[in-house]
Amino acid sequence: MGLNPLNFSDAFLGVLAQRLVRRLCHNCREEYHPSEEEFDEIVTDYGKKWFGQTGIEYDSDMTLFRPVGCDSCSGTGYRGRLGIHELMEGTARIKLMIKKQANTEQIFEMAMREGMATLKQDGMLKVFRGITDISEVRRVCIN
């Protein structure tokens, strides 16, 4: 953007990205047990490198939800929306990297090590909580 990295880094507090996903209807959402293959796909989408930090492991009691459709949700399986978020905070390390003109990948890697979750990762955590489903997160988060 043509900004002086020294001036910008001192003023940098954070960057927030957000998207809306459809919330599963509580009246008709269907509980199901995901296969190991489906779980492995979710882990891959989340990022194998970072998934271990969630503490979520595949087991026979794991439950996810999918949309069904009822009168309450007009047959869609969804009722309402919720936000998924990605927040990169302007920590001392991130500010220093900006000052040193580090590339985007290096800054992203540092933000992840400091606890940032991407939009998709935040969405997938909400899938495991039963708030939305994986197809909705994949629809909203292109990559």
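Student: Which elements do the buried residues of α2 pack against?

Tutor: In this predicted model, the buried residues of α2 are E38, F39, I42, V43 and Y46. They cover an arc of only 140 degrees around the axis, which puts them on the same side of α2. The elements they pack against are β2 (30–32), α3, β3 (64–66), α6 and α7.

Student: What phi does G47 take just after α2?

Tutor: The helix α2 spans 36–46, and G47 lies just after α2. The phi of G47 is positive, at about 115 degrees.

Student: Which residues have the most contacts inside the largest nonpolar core?

Tutor: The largest nonpolar core has 31 residues. Elements that give two or more residues to this core include α2, β4 (78–89), α4 (92–99) and α6 (119–128). Inside the core, the residues with the most contacts are I94 and F128.

Student: Which residues does F128 touch, not counting residues up to four places away in sequence?

Tutor: Two of the residues in question, F39 and I42, are buried residues of α2. F128 also touches F51, I56, M62 and L64. The full set is therefore F39, I42, F51, I56, M62 and L64, with contact taken as heavy atoms within 4.5 Å.

Student: Is T132 buried or exposed?

Tutor: T132 is found in the loop between α6 and α7. Buried means under 20% relative accessible area. T132 has 0% relative accessibility, and therefore counts as buried.

Student: Which backbone oxygen does the side chain of T132 reach?

Tutor: Leaving aside neighbours within four places in sequence, T132 is in contact with residues including V21, R22, L24 and L82. The side chain of T132 comes to 2.8 Å from one backbone oxygen. That oxygen belongs to R22.

Student: In what order do the elements of the chain run from the N terminus on?

Tutor: The secondary structure of the chain comprises 7 helices and 4 strands. From the N terminus on, these elements run α-β-β-α-α-β-β-α-α-α-α.

Student: Why is the chain described as more spread out than a compact globule?

Tutor: For 143 residues the globule rule gives 15 Å. The C-alpha trace spans about 55 × 30 × 20 Å along its principal axes. The chain is more spread out than a compact globule because its radius of gyration is well over the value from the rule, at 18 Å.

Student: How much of the exposed area do carbon and sulfur atoms supply?

Tutor: Buried residues make up 38% of the 143 residues in the chain. The chain exposes about 8800 Å². Of this exposed area, carbon and sulfur atoms supply 48%.

Notes:
Residues are numbered from 1 along each chain as its sequence is written. This is a predicted model: local features need pLDDT of at least 70, side-chain atom pairs count only at pLDDT 80 or more; totals for chains, interfaces and linings use all residues. Side-chain values use heavy atoms; hydrogens and water are left out. A nonpolar core is a set of buried Ala, Val, Leu, Ile, Met, Phe, Trp, Tyr and Cys residues joined through side-chain atoms within 4.5 Å. Buried means under 20% relative accessible area, exposed over 50%, partly exposed in between (1.4 Å probe, protein chains only). A polar contact is a pair of N or O atoms within 3.5 Å; within protein, one must be able to donate a hydrogen and the other to accept it, and residues adjacent in sequence count only if both atoms are side-chain atoms. The radius of gyration is taken over C-alpha atoms; the globule rule is 2.2 Å times the number of residues to the power 0.38. Accessible areas come from the Shrake-Rupley method with a 1.4 Å probe; for residues, only the protein chains shown count as cover. The arc is that of the directions from the helix axis to the C-beta atoms.
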